[in-house]
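Okay everyone, thanks for coming. Let me put the structure up on the screen, and then we'll walk through a couple of spots together.

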Amino acid sequence: MAGDGYTQQPNYPITPSPNRPTTPAPIGAVMVVGGGIAGIQASLDLAEAGFKVYLVETKSAIGGHMAQLDKTFPTNDCAMCTISPKLVEAGRHLNIEILVDTEVLDVKGQAGNFTATLRRKPRYVDLTKCVGCGDCEKVCPIVLPDSFNEGLSKRRAIYRLYPQAIPSAYAIEKRGISPCRDACPVNTRAQGYIALVREGRYEDALRVIKEENPFPGICGRICNHRCETACNRGLVDEPIAIKDLKRFIVDQVYAKPRPRVEPVPRTRPERVAIIGAGPCGLTAAMDLVKQGYGVTVFEALPVAGGMLRVGVPEYRLPSWIVDREVQDIIDLGVELRLNTPVTNLDDLFKEGFNAVLIAVGAHEGKKLRIPGVDLDGVMVNTIFLRDTRLGNPPDIRGRTVLVLGGGNVAMDVARTAVRLGAKKVKLACLETREKMPAHPWEIEEAEEEGVEIFPARSFTRILDDGNGRVAGVECVNVKFMEFDSEGRLNLETFEGSEHVIPCDTVIFSIGQAAGLAFIPPDTGVGTTRRGTVAVNPNTLAATRPGVFAAGDVATGTAFVIEAVAAGHRAAESIHLYLQGKPLERPPRALELPVVKLTRAEINQRIEKGEIKPQPRVKMAALDPATRVRTFEEVARGYTEEEARAEAARCLACGICSECLSCYYACGTKAILHDQVERIEEVQVGAVILAPGYEVYHAELSEEFGFGRFPNVVTSLQFERLLSASGPTHGHVQRPSDNQPAKKIAFLQCIGSRDQKHDYCSAVCCMYAAKEAMIAKEHLPGTEIHIFMMDARAFSKGYEEYYRRAQERYGVKYTRCRVSSLKENPANGNLIVRYQAEGGKTNGSSTLVEEEFDLVVLSVGMEISPQVRELGAKLGVQLDDFGFCKTIPFRPLETSRPGIFAAGPFVEPKDIPESVVDASGAAASAEALLAQVRGALARHKEYPPERDVRGEPPRVGVFICHCGSNIGGYIDVPAVTEYARTLPNVVYAENNLYTCSQDSIARITEKVKEQNLNRVVVASCTPRTHEPLFQDSIRAAGLNPYLFEMANIRNQCSWVHSHDRETATQKAKDLVRMSVARVSRLEPLYKIEMPLEHSALVIGGGLAGMTAALNLAQQGFPVHLVEQSARLGGGLASLSAYYAHTDEDWGAHVRDLIARVNAHPLIHVHRETRLVETSGFVGNFASRLRNASGQEQTVKHGVIIIATGAQEWRGEAYGLGQDARVVTQREFAERLTQWEAAPATAPSSVVFIQCVGPAEKYCGRLCCTESLENALRLKKLNPRAQVTILTKDIRTYGFRERVYNAARAAGVVIVRYDEAHVPMVETGQSSAVGGQRSTLSVRVWEPVLREELVLQPDVVVVAAPLTPRADARELAGILKVPVDMDGWFLEAHVKLRPVDFATEGIFVAGAAHYPKFPREAIAQAQAAAARAATILAKEKLHAGGVVAQVDASKCTGCLTCVRICPYHVPRIDATRVAVGGIYGAAYIEAAACQGCGTCAAECPAKAIQLLHYRDDQVLAKVQALFTQPDLIPLAAVEVR
Amino acid sequence: MSNNNGFEPQITAFGCIYCGYMAADTAGTLGWEYPANVKYVKLPCTGKIDVRYILSAFEQGADGVYVVACPLGNCHHVKGNERGKKRVERAKKILDEIGIGGERLEIFFMSGGQGKTFAAAAETMVERIKKLGPSPVKRKV
């Protein structure tokens, strides 16, 4: 794997090296794309078969859609229970590298040797450090819809996809930089502190502001807040009042006593002098002191704070705020020298300063050069304001004041003059009213206070009253004015407009400049014509080395936030300078984009109700009448309620706000906010694409109201509502009012089988039945009505399930598409209008309206745009819908060799078929890469194990705080102390996170150091963490079974969080129990056993041959047993069987036979039967008998059953009695004859479906075959009348297209129900060409409500496949089960579809259930892949938690033999049982699954389950109780 | 709540490492609080539950015992939960016969996702045993 750190790899796109050989050696690794159940299964099979796997997933965790499901049909297993062990297994497999947050960009090369280019998106959390404790999630203030719960609940920006997610590490969702942050010169994380205000966390909010800005109180009052101008909320109504919220935070926090600021230790020898204690200089001082430098600030004035303290009037910025924020900086360890003007720069260097920052600001006010400026009563702004602020205001009481200037400072001057008691205050400026530089609100406030404004004036002179005092200012009216880029004024005035504004005091407020007298030219510090210090704008370095300048002195007057930004930048440059590093920094790479919401997106969010238009909350202000008399602050601040309401308006544009709450909360320092995207390459020999599906976007079918009506939900949302760990904890509540939904409608085929989708999604009928039943189980009495076209219950157990929904649960089904759906505005109910079934007696349709609490849209499967893009990038052919096209007869191969496909990406399908595909695709990759199997597989090396038998127990106990998860609710040190007192415990310690990498290493270390021979970890759940800890003790040479976990988190701190004392006591109890058990545990060893690296495949049809050929290609010898004289099975005799899809299966089978016969590793046994099999996984021995009675015993490691099925032959509808009544297969053969002589084809045919056993289980193939055959006939004779009599048309998946084609060709479908089965009358004559009129079919037509009588030439009885007659016999020989109908029964319907519960035996093809040839091939390959996971091992590892028989206690009673679900125990005639009788039970360790049922059941107690021996279990039970003096139950006779 | 003068029963829960243990984990993850009186003893499968384990728990001082198993029909070891159920029924009879009372023993079936059901089972048992009072084995001390 290229690049382990987060270094960038910009070498994309990759050009192949010219030296690379043209035909490189294959690579023993496979990339699996998609972390759903198919991807997981493929990865596990490949890894177990000796290949390195890269499992690539775009999301932050694997699990796919299956993890979202509540239950799975048709067994109603909990989806999470079944998938969770697979997740854990994939997560910890040594040879599976899970690459989450990763996209595939490109795959170059060819089969056997590909280079895949991957985009590793930043997760912002270090996967190797995050322990998943969730402390970060608790402090994240950003709330957003939870995609895993389909938007029905909220989650935080830092999240785990779902509680059981693998990897269990958290991830942060970022969309980009919020515009408020982007607009701020210091990039204040405004979105973050706003969210924290909403949560009422004001201290945290202040911390967020102070990340960048040391002056929150100041900026909360006087910042020019360009963040608000940028705010996206402005697109909705008004921007968020960001400045006001900032002020609110400060008000809240500063109302409390100021916490002590700890000085930062001085760690560096260098000293820095800063001239000027304004915001720029102080910011730089803070940064440099924090870096460890010595910093001295020189300030000419008697106070620090610069303009903030002496320029901004008190009524806008109270002095105490400035003083406090300055003090917070000084207390960090800055030396502040007040009243200390710097007169000579060189003196500073002489004093020993290594660098100087000039940040003197612009404190010298300017006057115009006009006559009269030296008159009495003429002042300048800076002195006027400074004197006022320092408590020495000029006496202007009763005066008429004219302020010259139109900027913000001029407003400050005018309003200060008002407060100082001037009789009248006027203000005149060059600019027009509209163009005045002051903020409009400030002009308004000034006018409210009585300031009279004279805009658009130019001043020509100041008039003398004759006594040397001002009498007025002569002005002319301005026609046009503009400052050019150099700052020069272009002015045009109206001639003859001279007039005088009378006044006795004039205050100039036309700008300020810096006083630079202390840097005469000979100091080497250059200045500009504008009176600023000349600096490099990037580095702020002045022309003399070691001198820097920043703030107003370098840029001219600007706002305080710019001074802060400049201070940061100057400090950074000074640091680089002092470290001797280049000052120019490279630009930061790959910054996130600034989030600009579009109008369309805003509208969409408003429509969804996520945004409610609401203007900003106004802050209260002192009324004008009061404020003219006082310097009291004008703006009054928000109340808490106002502030939180205002904060709630934030749109959280960036998603994560980078408020750093998570960073501070994380105890393992796993948060990496600066992570960037990386491009990486992996080398693989093959690729498996299993990217899965997305559900149809139901809002596109507007007529069903999804997205508009809250009580219309998708089936996936409903699945979440049903889930016990979902948003409503399993209560089916309506989104609109959280009331229980008591009447629910399901609308089927939403996004399937419609005008835009010519396919069936294959799963919706069954999941609707499942969801309906589960909903009724949750709330009995719930009425459920499912509206559908056909019930596609086509697979094993589905028909029974569908019937159960109706018969046992009373789910109502109506066959129709609903004609409309509307909302009842009164109660949020939904009114469904549909056509009732059956119609009225007069035959006219009946439209019915029915009201429901909730409507569920059964949404179909689609391929996402991202997956389509992936297909295009990889050059694999997709169909119009984005589904992957596969090679005919190779259903798992894409158009590009070496790239395979599995799951719904190929065709809509359910979980077991996706799992079959996945294993099958793995088999294809394994065959391709067989020669490099094991080349890249890793094996963990451990030190030799220490023999601890005979040693007294020395137990070490490690107790985890789990951040605050345990430590917050349990007194962990007390538990540790307690653990030390327990018998056998020689060592105990507690860790912040016991599962962190350093703690894991520490356990290993402590085992060695303390010579421990048993270990207990008290932390979380062994389901995920036990292997990790076992590994740590194994690394210390201790047997991994000498370990026990006490789950003091899930079973204690999390569920008794209200009572620390009780929880602590229980934690002690749990630790005591674990110590008691671990003391009795003993090492267990896996023994190596030989393994026969060959397979026995029973059945030489399509499935058997496919499986045999794949295994042979993988390098494993195969015995292929076929009872007939030739290979080929059911397909051998047929040609052109699937005409519609142009698949000549006969030809394929003939080709396959040739390849099987030619393969040197396949030994075909024709006319041979299996007589007996003995042994167990890896070591079977089978006796085969051929036609001549000769017997042979073969040894093999695995068995694949592929014995197929047979066409049902029974008496129905005149089958076998009339030559015109034929089976499907007979009809297909006749079609071949008619195709040779079209004139002989019949002109009228009736097909009858659901015949014989297919009344009980669905024949799966019959509908499609009938439609295929009907189409073949229509092709021969387009005018032929073809009628299909059926209960449902079950053309699932792409077979729907055959149905569409047949309907287009005029094939008539007539539905019948069980009460009205068709009748066939064959009359007297049975000879073809006899009296034709005697063949008739009667059927009840439910829509017309009348009986139809058809008189066809031929009746086709769609006889289904049935299990072979000898299936039960074979099942008996192999001790594997068959179901009620006689089909072989797999280990688990969902996740082990080709395995048997008995290890080493697999099933494929129609022996399992009727299968289309493509399905049979996939399943055969899957069986081969599963078999290869065993055969690929060098040796068999047996033992561990297995049952053992003590023969001396065994009575040979057969109880264990009878009850073992895996048929493992047997009576071994060579073992001596009780009483010296030969024949004790024996349990083969290699086959035992460790459930312990036999041990519990054994009447003689002759069986013990290792690791769960009775004494080991009872030790735990006994340790639970502390009362020693109980009455013994010894007298009680238990059995 | 308690009508037994603050009597806090000691309850032992046995369960499998599949659904039962996972349900307990889920209860924790979702923060479904339940009384701390319950301590869980894990077994590989509820098919391993032994009448002797149950009786031993009572003998050691348990006031109540229950078993948490996978839903019927969904056992990871095919029928372990059904066999466990039968043994619980047998143990109830024995408890009745020896005067401890079969109602102090129960079996619950739940899937791994049903954290709330796990918490509810704990509450049910604690409430029930509080009403029944301390185990008669203890009372004779």
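So, which residues touch the most other members of the largest nonpolar core? Before I answer, keep in mind that this is a predicted model. Right, the answer: Val957(A), Ile1048(A) and Phe14(B), in a core of 145 residues. If you're wondering about helices, α39 of chain A, residues 1413-1431, gives this core its largest share, nine residues.

Let's zoom in on Val957(A). Skipping its neighbours within four places in sequence, Val957(A) is in contact with a whole list of residues, including Ala979(A), Tyr987(A), Glu989(A) and Val1075(A). And there's another core lying apart from the 145-residue one; that other core has 112 residues, and Leu46(A) and Phe709(A) are among them.

Okay, on to a sheet in chain A. Here we've got five strands in an open sheet, and the order goes β14-β13-β12-β15-β27, with parallel pairing. At the edges sit β14 (335-337) and β27 (547-549), each pairing on one side only. Going from one strand to the next, the twist averages 20°.

Now look at β12 and β13 of chain A, residues 271-275 and 294-298: they run parallel, joined by five bridges. To pick out one pairing, Val272(A) has Val295(A) in β13(A) as its bridge partner.

And what lies across these strands? Helix α10 of chain A, residues 279-290, lies across β12, β13 and β15, at about 170° to β12(A). Then there's helix α18, residues 560-578 of chain A, which lies across β12, β15 and β27 and runs at about 165° to β15(A).

Key. Residues are numbered from 1 along each chain as its sequence is written. Chains are lettered from A and ligands numbered from 1 in the order in which they are written. This is a predicted model: local features need pLDDT of at least 70, side-chain atom pairs count only at pLDDT 80 or more; totals for chains, interfaces and linings use all residues. Side-chain values use heavy atoms; hydrogens and water are left out. Two strands pair if DSSP finds at least two bridges between them. Helices (H or I, at least four residues) and strands (E, at least two) are DSSP runs, numbered from the N terminus. Axes are lines fitted to C-alpha atoms, for helices over the stretch in contact, and angles run from 0 to 180 degrees between N-to-C directions. Contact means heavy atoms within 4.5 Å. A nonpolar core is a set of buried Ala, Val, Leu, Ile, Met, Phe, Trp, Tyr and Cys residues joined through side-chain atoms within 4.5 Å. Buried means under 20% relative accessible area, exposed over 50%, partly exposed in between (1.4 Å probe, protein chains only).
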